[in-house]
Amino acid sequence: MIRSVVRGIGSALPRRIMKNADFEGIVETSDEWIAQRTGIRQRHIAGDDETTASLGADAARAALSNAGLTPDDIDLVLVATSTPDNTFPATAVDIQNRLGIRHGFAFDMQAVCSGFIYAITTADLYIKGGLATRVLVIGAETFSRILDWTDRGTCVLFGDGSGALVLEAVESQATLADRGIVAASLRSDGTHKDKLFVDGGPGTTGTVGHLRMEGREVFKHAVGMITDVIEDVFAKAGITADDLDWFVPHQANKRIIDASARKLGIAEEKVVTTVQLHGNTSAASVPLALSVAVADGRIKKGDLVLLEAMGGGFTWGAVLVRW
Ligand code: ACO
């Protein structure tokens, strides 16, 4: 059988770091409120010369270098983003061009904060279906550009950045012990579409619009949805929380991360948390957190790693990877 195995990982962050205290002159808030309610201490904010495509291309270059590959080795570029550089063409073709890839294909996926989970699952199917051999799966966002900087309930929560993985087709016995993507589960429920949305778009206002969120409503649903989909992945893979080496959740709010881990019985020391460094970077948050934990030596080849995200739509999902 074919398994989709992680061959390399990379990330890119905007140069400018914005600390919680930097908001104090912009909206009525405080470092203490933001840190206490969310765990966020700082986030990176894109400068004029930094875009979703430039950050995505930088993360992709880092992932290729980590994998010991060149752009010519890639036949699919898949970008998860809700903040594309343009309405079209896809940011993925822009990144394909920036990398000098002249073959294969590239497209974007949009599942808001769950985008990377949807994209890695999609890449896995393209690999297993024989349509691609090596895929760059990129989560890249510049949410700072769609924030309402007068709304303290949202502008303090998000940041910009990108993370990328190279997935590669490998012949495998496809047991739980073998490297690669082991199991996945995806969900969405559009009845919640008005709880977290952008109030503009090409088909309605003809403008980009701004992010709007009923934070308390999102919070109320998050833990239940996340734990349901993870329990589904556990059942598919025939494992329990004790079998995990690492839990790398979407980085929206430390309280959601802690409550989910507690409900699932995942030990605190197995949880990778980077929300304090990056804020919520939507589709970039899981690959950014993975990059940190791989770079500092926590996640190693052969570890069993659980990824999870929940976001606008609502969309949610989980992926189990033997690293
Ligand atoms: N600084 C100070 N006070 C604030 C701020 C702020 N930045 N923001 C809101 N407040 C105030 C509110 O106005 C409210 O005041 P009031 O009681 O006088 O009305 C009070 O703080 C409490 O507001 P809540 O919204 O109830 O605060 P809560 O504890 O729920 O925290 C938060 C808000 C952090 C947004 C939380 O609800 C949350 O994390 N929600 C989930 C967000 C999430 O997970 N999103 C994931 C998906 S993101 C995606 O898909 C793009």
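These legends walk through several close-up views of a predicted model.

A few ground rules first: residues are numbered from 1 along each chain as its sequence is written. Because the model is predicted, local features need pLDDT of at least 70 and side-chain atom pairs count only at pLDDT 80 or more, while totals for chains, interfaces and linings use all residues; side-chain values use heavy atoms, with hydrogens and water left out.

**View 1. The ligand and the residues around it.**
Here we look at the ligand, with 27 residues surrounding it. To count as near, a residue needs one of its heavy atoms within 4 Å of the molecule. The closest are T29, R37, C113, R216 and N253. Sorted by class, this shell has 14 nonpolar, eight polar and five charged residues. In this sorting, Ala, Val, Leu, Ile, Met, Phe, Trp, Tyr, Cys and Pro are nonpolar, Asp, Glu, Lys and Arg are charged, and the others, Gly among them, are polar.

**View 2. Polar atoms next to the ligand.**
Zoom in on R37, and you'll find one of its polar side-chain atoms 2.6 Å from an oxygen atom of the ligand. W33 has a polar side-chain atom 3.4 Å from a ligand nitrogen atom. G312 uses its backbone instead: an N or O atom there lies 2.9 Å from a ligand oxygen atom. How much of the ligand does the protein bury? Taken alone, the ligand exposes 1,000 Å², and the protein buries 77% of that. Those areas come from the Shrake-Rupley method with a 1.4 Å probe; for residues, only the protein chains shown count as cover.

**View 3. The pocket and the elements that build the shell.**
The space taken by the ligand is the second largest pocket. Elements giving two or more residues to the shell are α1 (31-38), α5 (152-155), α6 (215-237), α7 (254-264) and β12 (304-311). Which of them gives the largest share? That's α6, with four residues. Helices (H or I, at least four residues) and strands (E, at least two) are DSSP runs, numbered from the N terminus. As for the word pocket, picture a 1 Å grid over the protein atoms alone: a pocket is an open set of points with protein on both sides within 12 Å along at least five of seven lines, whereas a cavity is a set where a 1.4 Å probe fits but cannot get out. Lining residues have an atom within 4 Å of a point. A molecule sits in one of these if more than half of its atoms lie within 2 Å of its grid points.

**View 4. Two buried loop residues and their polar neighbours.**
H250 is in the loop between β11 (246-249) and α7. Is H250 buried or exposed? H250 counts as buried because its relative accessible area is 6%, and buried means under 20%, exposed over 50% and partly exposed in between (1.4 Å probe, protein chains only). The side chains of H250 and S285 are joined by a polar contact of 2.6 Å. A polar contact is a pair of N or O atoms within 3.5 Å; within protein, one must be able to donate a hydrogen and the other to accept it, and residues adjacent in sequence count only if both atoms are side-chain atoms. S282, in the loop between α8 (275-278) and α9 (285-295), is buried too, at 1% relative accessibility. A polar atom of its side chain lies 3.4 Å from the backbone nitrogen of C113.

**View 5. Loop residues with more open surroundings.**E268 sits in the loop between α7 and α8 and is exposed, with a relative accessible area of 72%. Its C-alpha atom is separated by 9.3 Å from that of F247, 21 residues apart along the chain. H210, found in the loop between β9 (196-198) and β10 (211-213), counts as partly exposed at 33% relative accessibility. The C-alpha atoms of H210 and D148 are separated by 5.8 Å, with their places 62 residues apart along the chain.

**View 6. Backbone oddities.**
Most residues other than glycine have a negative phi, and most peptide bonds are trans. A cis peptide bond joins F88 and P89, with omega about 0°. Going from G313 to F314, the peptide bond is cis as well, with omega near -5°. V112 is not a glycine, but its phi is positive, near 50°. V112 is buried, with a relative accessible area of 19%.
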